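Please walk me through this structure, beginning with the annotated domain and going on to the core, the surroundings of the ligand and a few individual residues.

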Amino acid sequence: MSQERLTNQDETVSSGENSADPTSEPLVDSAIEVPGKNATSTGRTILRAQSFDVYYDDVQALQDVNIEIPEKQVTAMIGPSGCGKSTFLRSINRMNDLVDAARIEGELLFRGKNVYDEDVDPVALRRKIGMVFQHPNPFPKSIFDNVAYGLRVQDMDVDEQQVVEESLKKAALWDEVKDQLDKSALDLSGGQQQRLCIARAIAVDPEVILMDEPASALDPIATSKIEDLIDDLAEDYTVVIVTHNMQQAARISDKTAVFLTGGELVEFDDTEKIFENPEHQRVEDYITGKFG
Ligand SMILES: Nc1ncnc2c1ncn2[C@@H]1O[C@H](COP(=O)(O)OP(=O)(O)OP(=O)(O)O)[C@@H](O)[C@H]1O
């Protein structure tokens with residue numbers, strides 16, 4: 001088993017000595033070869049779903065999902081409305097715990113550890129697997145306090161100034177806000193607010209960033225900045241993104257998962273393969289706009 005421990009005792013997510021350097025963490029998942037576009041790709045699996053089902057009361061939203069998501073790559077989830085993309089994304093860091101009706105079966109492994117094991121603390125898990133939502137949701141606080149928020153809540157022993165600056169730089173926002181860190185985050189544009197939310201997610205040192213249609217509420221220029229940013233983020237993080245925009249998935253992702261009606265993961269492969277030569281007729285029909 002992995003030495004990773006997501007315990008509810010101390011809200012830490014690793015056994016300690018190797019937490020600072022994810023590449024040194026032992027993996028139980030077998031390596032997979034990923035010839036994706038990112039030079040930083042490690043070829044390792046970081047997230048794995050095995051026979052994973054989600055129900056909302058009696059309605060099955062995901063059925064028998066099996067997938068291996070590669071580390072430090074961008075994986076896109078596409079499919080028609082209601083096919084379970086967001087449900088799968090929210091299952092990865094247990095956001096669905098907040099939905100009373102939700103129930104899961106099967107396993108969802110993060111570095112070989114089932115995130116649904118009893119000893120996993122969801123708060124600690126969400127520090128390692130952060131999330132960015134469709135609509136930017138900064139807190140009504142200053143830019144600085146937004147980015148520092150997670151550090152304070154988690155009582156992280158770090159240099160706040162340094163982490164805030166680094167996070168804003170990684171989120172491609174530093175140059176625009178460095179002289180106004182005390183300004184309210186609510187005064188930023190929508191695109192800036194979304195990059196601020198990405199900086200807030202980065203600040204607590206995650207390994208995975210989940211994004212649920214992060215650009216769908218933004219104009220084309222702001223969308224383009226987010227897309228460029230996602231590409232950069234994959235140098236340091238694993239990104240899993242739900243998008244309704246197939247061109248966006250094709251532009252930014254290394255791997256694409258196609259979910260179809262009924263919560264079935266029909267095909268998962270290199271993005272190029274999915275868009276140019278999918279195995280399944282149903283996927284081709286969806287990609288070419290014949291349905292969905
Ligand atoms: N909180 C909930 N309670 C009950 N049913 C839900 C809940 N959230 C989602 N569902 C149902 O689960 C199924 C999958 O929904 P989900 O939002 O995951 O799909 P999606 O592919 O992300 O859709 P969209 O593209 O429209 O956002 C749908 O039938 C939806 O109605």
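The UniProt record, an unreviewed entry, places the feature "domain: ABC transporter" at residues 47-287. In this model, which is predicted, the end C-alpha atoms of that span lie 25 Å apart, and the span is 37% helix and 27% strand. The protein chain as a whole has 10 helices and 10 strands, and buried residues make up 46% of its 292 residues. Among the contacts in the protein chain with a separation of 6 or more, 69% are accounted for by residues 24 or more positions apart.

The interior can be followed from its nonpolar part. In soluble globular proteins, nonpolar side chains tend to be buried together. Here the largest nonpolar core has 76 residues, and M77 and V239 are those with the most contacts inside it. Helix α6, residues 190-203, gives the most to this core, with seven residues. For V239, if neighbours within four places in sequence are left aside, the contacts are V74, I209, M211, I230, L233 and A234.

Helix α6 itself is mostly covered, since 13 of its 14 residues are buried. At 1.5 Å a residue, its 14 residues should span 20 Å, and because the end C-alpha atoms are indeed 20 Å apart, the two values agree. The helix is followed by D205, whose phi is positive, near 65 degrees.

Turning to the ligand, there are 13 residues around it, of which Y56, A61, S81, S86 and T87 come nearest. By class, this shell has six nonpolar, six polar and one charged residues. Strand β2 (59-70) and helix α1 (85-92) each supply at least two residues of the shell, and the largest share, three residues, comes from α1.

S81, one of the residues that come nearest to the ligand, also offers a route to a distant part of the sequence, for its C-alpha atom is separated by 8.2 Å from that of T261, although the two positions lie 180 residues apart along the chain. T261 lies in the loop between β9 (255-260) and β10 (264-270), and, apart from neighbours within four places in sequence, T261 is in contact with P80 and C83. T261 counts as partly exposed because it has 16 C-beta neighbours inside 10 Å.

A second loop residue, P278, is found between α9 (271-276) and α10 (281-287). With 20 other C-beta atoms within 10 Å, P278 is buried, because 20 or more such atoms are required for that class. Its contacts, neighbours within four places in sequence again being left aside, are E267, V283, E284 and I287. Of these, E267 is 11 residues away in sequence, while the C-alpha atoms of P278 and E267 are 7.9 Å apart in space.

Two further residues deserve a look for their backbone angles. S51 has a phi near 45 degrees, a positive value in a residue other than glycine, and its place is in strand β1, residues 45-56. R111 has a phi near 50 degrees, likewise a positive value in a residue other than glycine, but R111 is found in the loop between β4 (102-110) and β5 (113-114). Which of the two classes, buried or exposed, does each residue belong to? S51 counts as exposed because it has 11 C-beta neighbours inside 10 Å, whereas R111, with 26 C-beta neighbours inside 10 Å, counts as buried.

Definitions and conventions: Residues are numbered from 1 along each chain as its sequence is written. This is a predicted model: local features need pLDDT of at least 70, side-chain atom pairs count only at pLDDT 80 or more; totals for chains, interfaces and linings use all residues. Helices (H or I, at least four residues) and strands (E, at least two) are DSSP runs, numbered from the N terminus. A residue is buried if 20 or more other C-beta atoms lie within 10 Å of its own, exposed if 12 or fewer, and partly exposed in between; C-beta atoms are placed from the backbone. Two residues are in contact if their C-beta atoms, placed from the backbone, lie within 7 Å. A nonpolar core is a set of buried Ala, Val, Leu, Ile, Met, Phe, Trp, Tyr and Cys residues joined through C-beta atoms within 7 Å. A residue is near a molecule or strand if its C-beta atom, placed from the backbone, lies within 6 Å of it. Ala, Val, Leu, Ile, Met, Phe, Trp, Tyr, Cys and Pro count as nonpolar, Asp, Glu, Lys and Arg as charged, and the others, Gly among them, as polar. The expected span of a helix is 1.5 Å times one less than its number of residues. UniProt positions are given in the numbering used here, feature names are shortened, and annotations may be inferred rather than shown by experiment.
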